[in-house]
Amino acid sequence: MYAFVAPGQGSQTPGMLAAWLRDPGHAGRLRRWSEAADVDLVHLGTKASAAEIARTENTQPLLVAAGLLAHEALATFAGPAEPSVAAPGPAGTAPGSAVVAAGHSVGELTAAVYAGALAPADAVRLAAVRGRAMAAACAETSTSMAAVVGGDEPEVLGRIGELGLYAATFNGPGQIVAAGAVEDLDRLAAEPPPGATVKRLPVAGAFHTPYMESARRTVAAAAARTPFLRPTGALLSNADGRIVSDPDDLRTRLVEQLVGPVRWDLCLDTLGRLAPDATVCLPPARTLAAILRRQLPELTAVSANGPRDLATVRKRLDAVRERIGAMPEQSAPVRERLDAAGSRTAPATAPEEGRAHARL
């Protein structure tokens with residue numbers, strides 16, 4: 001079993017696509033995606049400044065495109081030749097592949113492609129719609145986000161709710177991102193929860209909170225026109241870390257993600273339960289690779305930051321594939337891991353403690 005994980009906003013760097021565009025095939029692909037998404041990805045990935053690619057409407061399609069430039073080179077590892085280890089089942093059960101895919105926030109669109117649920121051009125187009133809609137929503141009210149590191153989680157959530165803020169992202173133990181009105185974030189920074197530190201993030205909006213409701217409606221309309229397929233791989237949902245195998249359920253979750261918290265902690269929990277033989281961190285890989293090393297050190301992770309890394313990644317995945325093919329008896333344990341993770345019940349809804357628990 002092998003996994004692909006895709007990063008979210010904040011991992012972008014200037015010139016991040018330059019090396020990919022030396023290949024005419026990649027360059028042509030990026031131009032087609034630019035046309036589909038109505039955004040100049042070639043410029044954004046090569047010549048744009050850090051400030052320009054930090055703008056939400058630019059960051060999101062750029063990140064998805066970066067992760068998908070590696071897709072064709074790695075797609076054989078999610079293709080028909082992959083031995084089936086579990087028959088497709090209803091939503092929440094494991095699909096028929098030993099491929100696991102997960103993405104942080106907008107990276108979930110990238111992951112959907114690797115799981116076989118979405119076409120690359122559609123993923124980039126939806127990311128562009130999403131980015132523009134979220135940027136517009138940011139302009140409606142003065143909001144932002146702040147990372148709360150450390151402290152006791154119930155106390156952290158209590159303080160966030162007390163100030164009228166939302167817990168927008170759970171990145172792992174002791175790492176919660178709060179979002180809401182700028183003045184309330186200032187109060188949080190001035191009086192943080194016991195044992196915690198607060199770091200303001202350079203974000204001009206309260207992502208993954210009800211402040212994004214207008215963006216949710218826009219993305220819902222675009223998603224309704226987009227074909228989604230039943231995933232052939234195990235696609236982990238940001239909503240609760242569960243495996244999603246129903247196309248309509250996936251579409252709904254991707255839309256609702258805009259106004260609900262990203263439970264990356266639960267995605268990591270499921271990934272740890274699945275224990276893939278190799279985990280590929282898709283470009284730009286630095287941030288997620290660091291998180292994996294810190295929180296799941298037992299996993300074998302390999303980064304695919306650029307085209308030069310693909311040979312190493314393919315070699316690692318080939319070794320896993322050969323091992324699976326040479327030992328068909330291993331299919332049963334893989335199936336059991338997938339089924340065990342897929343059948344997890346959704347976490348019980350926590351008692352509401354202020355607005356921090358909204359949509360948890």
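**Entry 1. α1 against α4**

I looked up how helix α1 passes α4 in this predicted model, and I recorded a right-handed crossing. Helix α1 covers residues 24-37, and its axis comes within 11 Å of the axis of α4 at a crossing angle of roughly 145°. I then listed the residues that meet: His26, Leu30 and Trp33 on the α1 side, and Ala65, Leu68 and Leu69 on the α4 side. Sorted by class, this contact holds five nonpolar residues, one polar residue and no charged ones.

I also followed the chain beyond α1. Asp38 sits in the loop between α1 and α2, the latter being residues 41-46. I noted a positive phi of about 60° for Asp38, which is not a glycine. For context, most residues other than glycine have a negative phi.

**Entry 2. α4 against α6**

I next took the pair formed by α4 and helix α6, residues 107-114. Their axes come within 8 Å and cross at roughly 25°. Angles under 35 degrees count as roughly parallel, and α4 and α6 are therefore entered as roughly parallel to each other. I recorded the crossing of α4 and α6 as right-handed. On the α4 side the contact uses Val64, Gly67 and Leu68, and on the α6 side Leu109, Thr110, Val113 and Tyr114. I counted five nonpolar and two polar residues in this contact, with no charged residue.

I noted that Leu68 of α4 appears in the contact with α1 and again in the contact with α6.

**Entry 3. α7 against α10**

Which way does α7 run relative to α10, roughly parallel or roughly antiparallel? I found the two helices packed at an angle of about 160°, with their axes 8 Å apart. That angle makes α7 roughly antiparallel to α10. The crossing of α7 over α10 is right-handed. From α7 the contact takes Arg125, Leu126, Val129, Arg130, Ala133, Met134 and Ala137; from α10 it takes Ser214, Ala215, Thr218, Val219, Ala222 and Ala223. I sorted these into nine nonpolar, two polar and two charged residues.

**Entry 4. The cavity**

I searched the whole structure for enclosed space and obtained one cavity of 30 Å³ or more. The volume of the largest cavity is about 50 Å³. I listed its lining as Leu109, Leu126, Arg130, Val219, Ala223, Phe228, Leu254, Val255 and Leu258. Two or more lining residues come from each of α7, α10 (213-224) and α11 (247-256). By class the lining has eight nonpolar residues, one charged residue and no polar residue.

I cross-checked this lining against the helix contacts. Leu126, Arg130, Val219 and Ala223 line the cavity and also take part in the contact of α7 with α10. Leu109 lines the cavity and belongs to the α6 side of the contact with α4.

**Entry 5. The largest pocket**

I then turned to open space. The largest pocket encloses about 920 Å³. Which residues lie nearest its centre? I entered Gln9, Gly10, His104, Leu201 and Val203, out of 31 lining residues. The elements that supply at least two lining residues each are α4 (56-69), α7 (120-138), β3 (143-150), β4 (166-172), β5 (175-181) and α13 (286-295). I noted the classes of the lining as 16 nonpolar, 13 polar and two charged.

Helices α4 and α7 thus recur in these notes: both contribute to the pocket lining, α4 packs with α6, and α7 packs with α10.

**Entry 6. A cis peptide bond**

I finally checked the backbone ahead of α13. Pro284 lies in the loop between β10 (278-281) and α13. The peptide bond joining Pro283 and Pro284 is cis, with omega about -10°. As a reference for this entry, most peptide bonds are trans. I also noted that α13, which follows this loop, is one of the elements supplying at least two residues to the lining of the largest pocket.

Definitions and conventions: Residues are numbered from 1 along each chain as its sequence is written. This is a predicted model: local features need pLDDT of at least 70, side-chain atom pairs count only at pLDDT 80 or more; totals for chains, interfaces and linings use all residues. Side-chain values use heavy atoms; hydrogens and water are left out. On a 1 Å grid over the protein atoms alone, a cavity is a set of points where a 1.4 Å probe fits but cannot get out, and a pocket is an open set with protein on both sides within 12 Å along at least five of seven lines; lining residues have an atom within 4 Å of a point. Grid points are joined across faces, edges and corners, and a volume is the space filled by probe spheres set on the points. Helices (H or I, at least four residues) and strands (E, at least two) are DSSP runs, numbered from the N terminus. Ala, Val, Leu, Ile, Met, Phe, Trp, Tyr, Cys and Pro count as nonpolar, Asp, Glu, Lys and Arg as charged, and the others, Gly among them, as polar. Axes are lines fitted to C-alpha atoms, for helices over the stretch in contact, and angles run from 0 to 180 degrees between N-to-C directions. Angles under 35 degrees count as roughly parallel, over 145 as roughly antiparallel, 65 to 115 as roughly perpendicular and the rest as oblique. A crossing is left-handed if the near helix is turned anticlockwise from the far one by less than a right angle, and right-handed if clockwise. Contact means heavy atoms within 4.5 Å.
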